[in-house]
Amino acid sequence: MDPALAARIAAGEVIERPASVVKELVENALDAGAGEVRVEADGGGLERLAVIDDGCGIAADQVELAFARHATSKLATIEDLESIVTLGFRGEALPSIASVSTVTLRSRPMGAPAGVQVTVREGLLVDRRAMGLPVGTAIEVRGLFANLPARRKFLKSGQAEVGAIHQVVLHYAIAYPEVRMTLVSDGKSLLSTAGARDLKETLACLYGVDLLDHLLLVEGERHGLRVTGLVSPIGYTRATRGWQSFFINGRWVRNRVLHVALEEAYHGMLMGGRHPVGVVFIEIPPGDLDVNVHPAKTEIRFLREREVFGAIRHAVTAAISVQATVLPGSVPSPEEPSGSFVEQLSLMPEPAGGSREEASILAPARAVPALRVLGQAGSLFIIAEGPDGVYMVDQHAAHERVLYDDLSAQVMQREVPVQSLLAPLLCEVSPAAMDVVAADGPWLEQLGFSVEPFGATTCRVRAVPAMLAGGPVGDTLQALLEDLATGKAHEERQDHALATMACKAAVKAGQALSLEEMRYLVQRLESTSRPRTCPHGRPTMILLSTTDLERQFGRR
Ligand code: ADP
Ligand code: MG
């Protein structure tokens, strides 16, 4: 094969689009220790791209070498690969870029009296001259993919390419707050940071101070993995995950697992379709990370994915529950009362060992203190006292949370208590809901329903989850099936179904509760995974803090 052609094919792996060029050149500038990096893009980057830095520069006799394949100044031995601290190490970027464009490189290292300029067109050196230059390196790329018309055709609009370039520069600006970064596209400034060293200040440059006021500091360490950054508090969300960024050892990475780990910390507290904001840095010992997977290096394989997941979730959970007070010592255990409501509450045996134990390793620390129940208000709220003030607990929401947690565990262990019906119940549902009955019988069985089609829009129910037995079973099943018929992703559906069942089975507002019943409910609530919110994400309790009360009474 013609070596020029081979180079062009290899370039395709590293250089997919203008943003890939920007990524490689910015990484080189950062590896060179730049304090300032300026990116210019004209015509969506296809006409002209330039990255200018004030880094260490390249010695005149090394300039051609920088364009040679697998020439890198950053990696000497195979052992070095185990402990990579620079962003680049493959020595592929410059030759790849130069094989699909015309590159002009100007550079002057510190201490050299003058600099050098070289021009490489489609892999061939076409010009070299000495010239007076500032210290640092400027690389200009013109006519990208001019020799690859097919590649050019596959590119999105110029606007989309500018968007992708913006994303790249934005994320390096976040990862390197000590570096001043600017991006100018077709003469318009799109982004600029102050190089203030401070992440918060940098984010303020990029996102505005408004958002910053809300963010909470993340700081945690687990299994030798350090997690730091900023995340939004509960209740502050955005419509997309575009506001979540992850960096592993200073490198921006995109990996679905990371987003899931972040959102797990908010589990049950996010309304559907809403996402938290987060800038999260993960530090992993370089040996546990395989950055060498893809030439463009955005996909990183972790050797310890589970631990990375746990570390993120743990650190973020801690950050968002900072307001929660934790009482040392054990919770006083009230004598267990009896009665139908209490039986309902106790469907789930006390958690002991097994997979519940496993789950609790990842679960957050107790998020509410032990509460002393004082009474009930309006047959609606349980009034209780904690170390920091008076709590009003929504009895329905609290019971929903308890039942939801119980039910989740039971479904997971495939042991939902079931109540067989003496006479089968016939239930009218919509045709869409009938499809669910026909298609998802085994799954409904896991939830505790034994239900089968019985005509076009009628189904026959032979057994129901015990927790629902006393209530309007038909209504609940109808609501559940209609809901499932809307076609959500499986995991989401399950969550939804459990929340609906918990809601239907929970005590209603307006139901009078005895003191024992309230005590028992509050105690069970304290031991759930998310005592402060119901499965739909609404609060289960409100704290009237002693400080606030004192202030309102004019005592402070
Ligand atoms: P890599 O970054 O993997 O080493 P590149 O092809 O990106 O490979 O760059 C090749 C070499 O050129 C680098 O190892 C470095 O020595 C030099 N180089 C490239 N860009 C710069 C720059 N902006 N400043 C200083 N040196 C640079
Ligand atoms: Mg590089």
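Strands here are DSSP runs of at least two residues, numbered from the N terminus. With that in hand, let's look at two spots in this predicted model: a serine in one strand, and a strand that sits between two partners.

**Ser245 and its surroundings**

Ser245 belongs to strand E11, which covers residues 244-248. Is this serine buried or exposed? Its relative accessible area is just 1%, and since the cut-off for buried is under 20%, Ser245 counts as buried. Its side chain isn't without a polar partner, though: it makes a polar contact with the side chain of His171 at 2.8 Å. Leaving aside residues up to four places away in sequence, Ser245 touches His171, Tyr207, Gly278, Val279 and Val280.

**Strand E10 and its partners**

Some of those names lead us on to strand E13, which spans residues 278-283. E13 pairs with E10, and E10 also pairs with E9; here's how the two pairings look.

| Strand pair | Sense | Bridges | A bridge pair |
|---|---|---|---|
| E9 (residues 216-222) and E10 | antiparallel | 7 bridges | Leu217 and Leu230 |
| E10 and E13 (residues 278-283) | antiparallel | 6 bridges | Leu230 and Val279 |

Leu230 turns up in both rows: it bridges to Leu217 and to Val279 in E13. Val279 is also one of the residues that Ser245 touches.

E9 and E10 form a hairpin with 2 residues between them. In that turn, His223 has a positive phi of about 50 degrees.

Why is E10 described as largely enclosed by the rest of the structure? Because 6 of the 7 residues in this strand (residues 225-231) are buried.

Notes:
Residues are numbered from 1 along each chain as its sequence is written. Chains are lettered from A and ligands numbered from 1 in the order in which they are written. This is a predicted model: local features need pLDDT of at least 70, side-chain atom pairs count only at pLDDT 80 or more; totals for chains, interfaces and linings use all residues. Side-chain values use heavy atoms; hydrogens and water are left out. Helices (H or I, at least four residues) and strands (E, at least two) are DSSP runs, numbered from the N terminus. Buried means under 20% relative accessible area, exposed over 50%, partly exposed in between (1.4 Å probe, protein chains only). A polar contact is a pair of N or O atoms within 3.5 Å; within protein, one must be able to donate a hydrogen and the other to accept it, and residues adjacent in sequence count only if both atoms are side-chain atoms. Contact means heavy atoms within 4.5 Å. Two strands pair if DSSP finds at least two bridges between them.
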